[in-house]
Amino acid sequence: MATPNKKKILNDPVYGFITIPTELLFDLVEHPYFQRLRRIKQLGLSEYVYPGALHTRFHHALGAMHLMGQAMSTLQSKGHAISSEECEAAQIAILLHDIGHGPFSHVLECCLLDDVPHEHISLMLMQDLNQQFGGALTLAIQMFEGTYKRPFFHQLISSQLDMDRMDYLNRDGYYTGVAEGAIGAERIIKMLDLVDDQLVVEAKGILSVENFLNARRLMYWQVYLHKTSICCESMLIQILRRARFLSRQVNSEPVFASDAFRLFLRESVSLTDFQTNHKYLDAFTKLDDFDVWACIKQGASHSDPVLSMLCQMLLDRKLFKILLSTEPFAGELLTQLESQLRQTGMPADWLSYFLVEGQATNAAYLPSGDRIAIKLKTGKVIDIADASDLSNIQVLTNIVRRYYVCWARNLAFSKEME
């Protein structure tokens, strides 16, 4: 019986043809844990703003793996000893870096689980895969955790100039049509080098890094923190809040949900729960965007007015109105909005579902974290903020906050709902 060819070539719209270079990487791509990422959109509800933003975590992970392969080739070409085992491990680590994302990625991370970041779930799933593959992922896990003796591998996986960010900026800009997301990833990768096993960028790549940081800032305000996206995400979070509330009421009409999704609606699942009971990790690997959308579609006809109204509004794109400010909103404005909602006949205990306030933050570069290091022609290594002759690089280090309040309009409630 012929052995199947596992060194596949894929046609990617962003980079052209990309290769799955080893049999182990092919087997990981084929694994159900990774295939689940086909059913999780990269940008959550951004399609409500940019209709083309339909790409998935699956696309992104493959793109990041491709860029990691390019980075390995670049560093090897500059005389750095990197074994084939290290190359494969680095590509495995970046391929699986998002495998712990749940439905709608970051949108529901705050409320679907009890303070469990997706990075922790990614690590648990990688450890589970390591058992399934007889320890073949051990080196990749060390790189992912940052415990491997050569720190530049972790920097390529998770830092302020990693393959993750390079792919998602390029890819998200491509699928949204926002040209500012284009960063010239290939040139940046060609400029990468190592000093004492730490990642640096050659001085002639400074302009490309400046463009990368500016692109990240612009993409955050134009795409990731777009005011309409904030409205959609706020509505989705309130739908989940109400669905969880109803799911925990003894006499309430059941909320439609798949078995896996129902488990997380009814229980507050912590990191300790994941670590001590495999049923939670097993259920999590069955969750994707379709579980949530099915719940929303059925929720639109639920007997609970709050759930049904929120679900129908999101399905029909009847979105909340939003106000943005650089300063916290005055209490008088919130009181006025509450009064307007009460005048529709809305009961007081429903207000928090239809009036939401919060804040969004954006910092393109944080030199206090893993800095972006520039290697000058003299061999000296300095921070990009010191190497750049652009004054706005220093500005990009500031954390910018936008406060928002969003609320439902044109609602009408009967007095029987009181």
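Which residue of S9 does Ile 322 stand opposite? Keep that in mind while you get your bearings; we reach it at the last stop. The model you have open is a predicted one.

**Stop 1: the N-terminal hairpin**

Select residues 9-12, strand S1, and then residues 16-19, strand S2. The two strands run antiparallel and are joined by four bridges. To see how the chain gets from S1 to S2, display the three residues of the hairpin that connects them. Now label some partners across the pair: Ile 9 stands opposite Thr 19, and Leu 10 has Ile 18 as its bridge partner.

**Stop 2: an annotated span**

Next, colour residues 53-178. UniProt lists this span as "domain: HD/PDEase", in an unreviewed entry. The span is 60% helix and 0% strand. Pick its two end C-alpha atoms and you will find them 10 Å apart.

**Stop 3: H3 against H4**

Staying with helices, select H3 (residues 57-77) and H4 (residues 84-95). Their axes come within 8 Å and cross at roughly 150°. An angle over 145° counts as roughly antiparallel, and that is why H3 is described as roughly antiparallel to H4. The crossing is right-handed.

Show side chains for the contact. From H3, display Ala 61, Leu 62, Ala 64, Met 65, Met 68, Gly 69, Met 72 and Gln 76; from H4, display Cys 87, Ala 90, Gln 91, Ile 94 and Leu 95. Colour them by class and you get 10 nonpolar residues, three polar ones and no charged ones.

**Stop 4: H4 against H6**

Keep H4 on screen and add H6, residues 138-145. Here the helices pack at an angle of about 60°, and their axes are 8 Å apart. Because of that angle, H4 is oblique to H6. H4 passes H6 in a right-handed crossing.

On the H4 side, the residues to display are Glu 85, Glu 86, Ala 89, Ala 90, Ile 92 and Ala 93. H6 contributes Leu 139, Ala 140, Met 143 and Phe 144. This contact divides into eight nonpolar residues, no polar ones and two charged ones. Look again at Ala 90: it is part of the H3 contact and also of the H6 contact.

**Stop 5: the four-stranded sheet**

Move on to the open sheet with the order S3-S4-S7-S8, where the pairing is mixed. Its edges are S3 (192-195) and S8 (381-383), each pairing on one side only. Look along the sheet to see the twist, which averages 50° from one strand to the next.

Zoom in on S3 and S4 (residues 198-202), an antiparallel pair joined by four bridges. Within that pair, Asp 193 has Val 200 of S4 as its bridge partner.

**Stop 6: the three-stranded sheet and its helices**

Finally, select the open sheet S5-S9-S6, with antiparallel pairing. S5 (321-325) and S6 (355-362) are the edge strands. Neighbouring strands are turned by 20° against each other on average, direction ignored. Five bridges join S5 to S9, residues 400-407. This brings us back to the opening question: Ile 322 stands opposite Cys 406 in S9.

Now add two helices. H11 (residues 227-247) packs on the sheet and touches S5, S6 and S9, with its direction at about 120° to that of S5. H10 (residues 206-224) lies across S6 and S9 and runs at about 170° to S6.

How values were computed:
Residues are numbered from 1 along each chain as its sequence is written. This is a predicted model: local features need pLDDT of at least 70, side-chain atom pairs count only at pLDDT 80 or more; totals for chains, interfaces and linings use all residues. Side-chain values use heavy atoms; hydrogens and water are left out. Axes are lines fitted to C-alpha atoms, for helices over the stretch in contact, and angles run from 0 to 180 degrees between N-to-C directions. Angles under 35 degrees count as roughly parallel, over 145 as roughly antiparallel, 65 to 115 as roughly perpendicular and the rest as oblique. A crossing is left-handed if the near helix is turned anticlockwise from the far one by less than a right angle, and right-handed if clockwise. Contact means heavy atoms within 4.5 Å. Ala, Val, Leu, Ile, Met, Phe, Trp, Tyr, Cys and Pro count as nonpolar, Asp, Glu, Lys and Arg as charged, and the others, Gly among them, as polar. UniProt positions are given in the numbering used here, feature names are shortened, and annotations may be inferred rather than shown by experiment. Two strands pair if DSSP finds at least two bridges between them.
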